[in-house]
Amino acid sequence: MSLVVSVTLDSRTRGGVGCGLASCFGAALDWPLAEYLERERAGTADTLATTLMDEGDADKEFSLAAGEWNAMRAELLRGPEVVSVLVAVPETDRPAVNVMSSSILVKRPNAEVQILLGGEDEERSADAAFCRSVVEFLITALDPVNPAFGRVCAGEPVTPKANLDAALKRKLCTSVAEARQSLRGYAWVMVCPAELTDALGGVDALKKSGAFHRVAPLTSGGTVLQATETLAAFSNEALRRTFHALAPVLPPGVPCFNPAAAYVRFVPEDAGRFADRRQ
C-alpha cells in the first residue's frame with residue numbers, strides 16, 4: 001500500500017507559506033521520519049534532506065540525523081521552491097518515505113507538500129493505531145497553519161491533483177487558486193480550510209452530519225475530517241457519505257472517468273445541485 005498525504009499551502013496560510021512548510025516538515029520529524037533517523041544513526045537507513053530556493057540554484061543539503069533541523073527550518077521559513085527528505089533502506093529498491101514540497105506546478109506563493117509512504121503491507125490500512133498516527137500528524141502539522149486544502153488517500157496516483165481535479169479535468173493552478181472558494185476534492189481524510197468549514201455550518205454541523213468518524217478543529221482555523229476509523233473501512237458507501245456532507249462546497253460539474261487517472265475514486269454526481277445548502 002502506497003499512502004499519500006497532501007497539503008496545499010497558499011498566501012492565506014497563517015504566517016505565510018514558509019511557516020506552513022516549517023510546521024509540516026517539523027511534524028514529519030516525529031512521524032514518519034523519527035524511526036528512520038534512528039536507523040540512519042545505526043547505519044541501517046539513509047536519508048537525504050535538501051532545499052532548492054529557486055530553479056537554477058544549487059541544492060542545500062542537511063543531515064537531520066546529525067541534528068541540522070534548525071538550519072533546515074531557517075531555509076524552509078524563506079519559502080524554497082523545492083524541499084525533499086528522501087529515505088532509503090537496504091531491504092527495498094523503492095524509497096521507504098519521501099517528504100517533499102514544490103511550488104513549481106502550483107505557482108508561487110502556493111506550495112504543495114506531499115508525504116509518500118511506500119510498501120506493500122496492506123495490513124496497515126486496517127490498523128487503527130497506524131491510521132490514527134496519520135491523522136495526528138496532520139493535526140500537529142496544520143494546527144497553526146489553516147491550510148488551503150489537504151487529503152490522505154492510498155492506491156491513487158502520486159500527483160498534486162486531487163480526485164476532482166482529475167475527474168472534472170480542472171487545471172491544477174485553477175484548483176489551487178480557488179481552494180478557499182471550493183474544496184479541491186475528498187478522500188479518506190480531508191483538510192477543509194476555515195472559509196469552507198464556516199460555509200458548511202462550522203465544526204458542530206460537520207459533527208452532526210454523521211458522515212465522519214472524527215472532526216478535529218484546528219486552532220488556526222479549518223478542520224481535519226476523517227471519514228472512517230481505518231483506511232480499509234473507507235468503502236464506497238463511506239465515500240458517498242463524505243461526498244454528500246461536503247457537496248455544498250465542492251466544485252460543480254459531473255465527474256467522469258479519466259483514463260489518465262484510472263484509480264481515482266469519486267462519486268459520479270454533480271455537487272452543484274447542492275450549492276443552496278451552503279451557509
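Modeller: Two strands pair if DSSP finds at least two bridges between them, and the strands themselves (E, at least two residues), like the helices (H or I, at least four residues), are DSSP runs numbered from the N terminus. This is a predicted model, in which local features need pLDDT of at least 70 and side-chain atom pairs count only at pLDDT 80 or more, whereas totals for chains, interfaces and linings use all residues. Residues are numbered from 1 along each chain as its sequence is written, and side-chain values use heavy atoms, with hydrogens and water left out.

Colleague: What makes strand E1 and strand E7 a pair?

Modeller: DSSP joins E1 (residues 3-9) to E7 (residues 149-154) by 6 bridges, with the two strands running antiparallel, and because the requirement is at least two bridges, they count as paired. Val 7, for instance, has Gly 150 in E7 as its bridge partner.

Colleague: Why are strand E3 and strand E9 called edge strands?

Modeller: E3 (60-62) and E9 (214-217) each pair on one side only. They stand at the two ends of the order E3-E2-E4-E5-E6-E1-E7-E8-E10-E9, an open sheet of 10 strands with antiparallel pairing, and the twist from one strand to the next averages 15 degrees.

Colleague: Why is H1 called roughly antiparallel to H3?

Modeller: The axes of helix H1 (residues 17-30) and helix H3 (residues 69-76) come within 8 Å and cross at roughly 150 degrees, where axes are lines fitted to C-alpha atoms, for helices over the stretch in contact, and angles run from 0 to 180 degrees between N-to-C directions. Angles under 35 degrees count as roughly parallel, over 145 as roughly antiparallel, 65 to 115 as roughly perpendicular and the rest as oblique, so H1 is roughly antiparallel to H3. Among the residues that meet are Leu 21 and Phe 25 in H1 and Trp 69 and Met 72 in H3.

Colleague: Why, then, are H1 and H4 described as oblique to each other?

Modeller: Their axes also come within 8 Å, but the angle between H1 and helix H4 (residues 128-142) is roughly 140 degrees, which falls in none of the named ranges, and the two helices are therefore oblique. The contact (heavy atoms within 4.5 Å) is made by Ser 23, Cys 24, Ala 27 and Ala 28 of H1 and Phe 137, Thr 140, Ala 141 and Leu 142 of H4.

Colleague: Why does Pro 95 count as partly exposed, and Lys 169 as exposed?

Modeller: Buried means under 20% relative accessible area, exposed over 50%, and partly exposed in between (1.4 Å probe, protein chains only). Pro 95 has 41% relative accessibility and is therefore partly exposed, whereas Lys 169, with 65%, is exposed. Pro 95 is found in the loop between strand E4 (82-88) and strand E5 (97-102), and, leaving aside its neighbours within four places in sequence, is in contact with Leu 86, Val 87 and Gly 118. Lys 169 sits in the loop between helix H5 (163-167) and helix H6 (172-177) and has a positive phi of about 55 degrees although it is not a glycine.

Colleague: Which residues are joined by a cis peptide bond with omega of about 10 degrees?

Modeller: Trp 31 and Pro 32 are joined in this way, and so are Arg 108 and Pro 109. Pro 32 lies in the loop between H1 and helix H2 (34-42), while Pro 109 lies in the loop between E5 and E6.
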